[in-house]
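Here is a short note on the sheets in this model. Please read it with the structure open.

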Amino acid sequence: MARTLISLMGLLLLCCLAEAEYLKYKDPKQPLHVRVNDLVSRMTLEEKIGQMTQIERGVASAEVMKKYFIGSVLTGGGSAPARQASAEAWINIINDFQKGALSTRLGIPMIYGIDAVHGHNNVYNATIFPHNIGLGATRDPDLVKRIGAATALEVRATGIPYTFAPCIAVCRDPRWGRCYESYSEDPKIVQAMTELIPGLQGDIPAGSPKGVPYVAGKTKVAACAKHFVGDGGTINGVNENNTIIDRHGLLAIHMPAYYNSIIKGVSTVMVSYSSWNGIKMHANQELVTGFLKNTLQFRGFVITDWEGLDRITSPPHANYSYSVEVGIKAGIDMVMVPYNYIEFIDDLTFQVKNNIIPMSRIDDAVRRILRVKFVMGLFENPLADDSLVDQLGSQEHRELAREAVRKSLVLLKNGDSTEVPLLPLPKKTSKILPLPKKTSKILVAGSHADNLGYQCGGWTIEWQGLSGNDLTRGTTILNAIKNTVDQQTEVVYQENPDANFVKSNNFSYAIVVVGEHPYAETNGDSMNLNIADPGPNTITNVCGAVECVVVVISGRPVVIQPYLSYIDALVAAWLPGTEGQGVADVLFGDYDFTGKLPRTWFKTVDQLPMNVGDPHYDPLFPFGFGLTTKSRQTS
């Protein structure tokens with residue numbers, strides 16, 4: 001009898017072990033909904049709330065991941081494992097966090113996110129592409145898709161599977177400090193540029209159910225459409241402020257690109273700090289749940305912006321329990337805490353246990369987060385390897401960025417008449433060219449001519465960007481010019497020469513490169529939109545003394561009308577990134593100018609806001625303007 005009992009117990013134990021070994025959620029052959037449902041059914045409240053929590057790299061560790069069941073980690077702007085950290089260094093720290101997540105009872109992998117908004121811009125040696133305003137000037141969605149694919153490879157090269165891009169804001173006032181993150185004032189152009197999403201994630205298969213996220217594998221990353229919704233329409237362009245517009249206007253101007261993003265399988269949507277008609281978007285249940293999730297049938301997860309719950313109140317964090325309640329009830333799924341995660345976990349746990357927030361809302365959030373993690377293959381391939389490290393800053397990607405720079409340049413003025421254009425510039429003395437075009441010595445001037453940080457702008461290595469040439473690898477516009485002109489041509493660089501110096505040196509012509517200093521978000525809000533000093537002085541000193549081209553490096557149109565009479569040729573170069581050679585390619589006629597203004601160039605800031613179609617529309621250069629040139633075959 002005892003032997004029979006032992007045998008029965010042994011058989012029962014074997015059966016239990018066999019059943020325990022087969023977990024539906026770990027089987028990639030199971031349908032997506034089966035895996036999601038199976039895993040959610042096994043999770044405790046603690047594990048569910050952990051999935052909803054995103055913390056910053058600086059407070060993360062394998063121990064924290066395991067203890068609190070953390071679902072996501074991010075790198076904030078400028079946060080890195082070390083200065084000039086290698087791809088391998090990034091991989092090692094991310095894998096360490098991941099091993100902590102995998103060591104939990106259910107082994108749910110965490111998802112690591114980063115702001116790769118114009119290339120993999122936090123990482124040393126990455127290719128930095130033009131900011132979105134420049135890409136809007138290209139009118140080339142296929143180019144943007146290729147940039148997405150290249151960015152995905154560079155992000156994956158560092159072991160990261162998720163980027164907080166693209167920004168699909170429709171900037172309606174250039175005084176906004178994030179205007180360069182917007183492709184255009186025209187929602188149709190912003191819609192077209194959502195091609196970045198299939199570039200980042202891969203092309204969604206035909207017949208895919210609407211709204212379900214899609215990521216094509218280990219060379220692609222999850223994308224994030226942001227900032228939902230109306231972030232580009234705030235009063236006077238004040239960041240995080242109030243967008244006053246009726247529902248029809250909101251849906252017609254600010255919402256369309258979200259339709260396209262969802263159709264293309266975008267994995268996540270980030271909520272805006274801003275308000276719509278006085279209601280904070282992070283607390284707007286009607287739009288987040290009612291419209292985004294229900295009407296548009298978005299099935300990925302909704303994430304806050306950085307400390308987005310805190311900023312529901314004014315001042316921020318004044319009543320955090322209230323912020324947690326209204327934010328989660330509004331339909332937010334993942335919270336970018338990013339530091340005070342214990343407070344968030346405790347507050348949300350209390351509210352669920354006391355029936356303030358229903359468990360159904362928590363389950364919806366967790367299902368969405370798990371859906372993205374399953375779709376992107378995180379359960380099958382949670383750990384990064386170094387197989388893609390050579391993609392970081394690759395020559396192929398730099399050539400793509402150079403192409404993007406060429407196509408983004410907008411020629412606003414070219415000589416006093418079309419019969420006598422200044423551009424393209426000659427590279428060398430040529431008997432074929434008329435005598436005034438002979439070149440032996442040229443002047444390059446301006447604070448932005450030899451400053452890689454300035455030409456990259458904000459969101460480059462540091463959140464606010466940097467000045468100087470040691471932040472990362474790249475080519476300044478000055479070096480690009482030197483690389484392009486004939487060896488016999490002398491290139492003289494002076495940042496801010498006086499008029500006497502210019503007049504006394506018999507320069508054939510001058511190239512003046514000026515613009516804005518780097519900024520991001522609220523630090524970029526500007527009521528004057530002036531070129532940074534000493535830029536205006538440089539323009540008048542140089543262009544008043546010699547034939548000149550002015551290249552403007554800026555994240556938006558700036559005040560240029562007072563200096564226009566001095567300037568022979570004017571180029572809007574936006575924020576071109578690391579590949580300054582693309583500027584010289586077009587200035588010297590190896591390629592034509594083809595860019596068109598993605599937004600209206602005003603005469604004075606008193607006209608703002610002013611967008612194409614407005615009754616008071618009276619621009620210096622209208623939306624869509626852009627002169628063309630023919631390549632110089634004789635140079």
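1. Two strands pair if DSSP finds at least two bridges between them. Strand 12 and strand 17 (residues 569–574) have 4 bridges, and their pairing is antiparallel. One residue pair to look at: Lys413 stands opposite Leu570 in strand 17. Keep in mind that this is a predicted model.

2. Now the sheet around that pair. It is open and has 6 strands, in the order 12-17-16-15-13-14. Its pairing is mixed. Which strands stand at the edges? They are strand 12 (410–414) and strand 14 (490–494). Each has a single partner strand, so one side of each is left without a neighbour in the sheet. From one strand to the next, the twist averages 20°.

3. Another open sheet has 3 strands, in the order 5-7-10. Here the pairing is parallel. Strand 5 (224–228) and strand 10 (301–303) are the edge strands, and each pairs on one side only. The twist in this sheet averages 25° from one strand to the next.

4. Which helix packs on the sheet with strand 5 and strand 7? Helix 11 (residues 256–263) does, and it touches both of these strands. The direction of helix 11 makes about 155° with that of strand 5.

5. Last, the pairing of strand 7 (residues 268–271) with strand 10. These two run in the parallel sense over 3 bridges. For a residue to find on screen, take Met270: its bridge partner in strand 10 is Ile303. As background, strands of a sheet pair through backbone hydrogen bonds, either parallel or antiparallel.

Key: Residues numbered from 1 in each chain as written. Predicted model: local features only at pLDDT ≥ 70, side-chain atom pairs only at ≥ 80, totals over all residues. Heavy atoms only, no water. Axes fitted to C-alpha atoms, helices over the stretch in contact; angles between N-to-C directions. Contact = heavy atoms within 4.5 Å.
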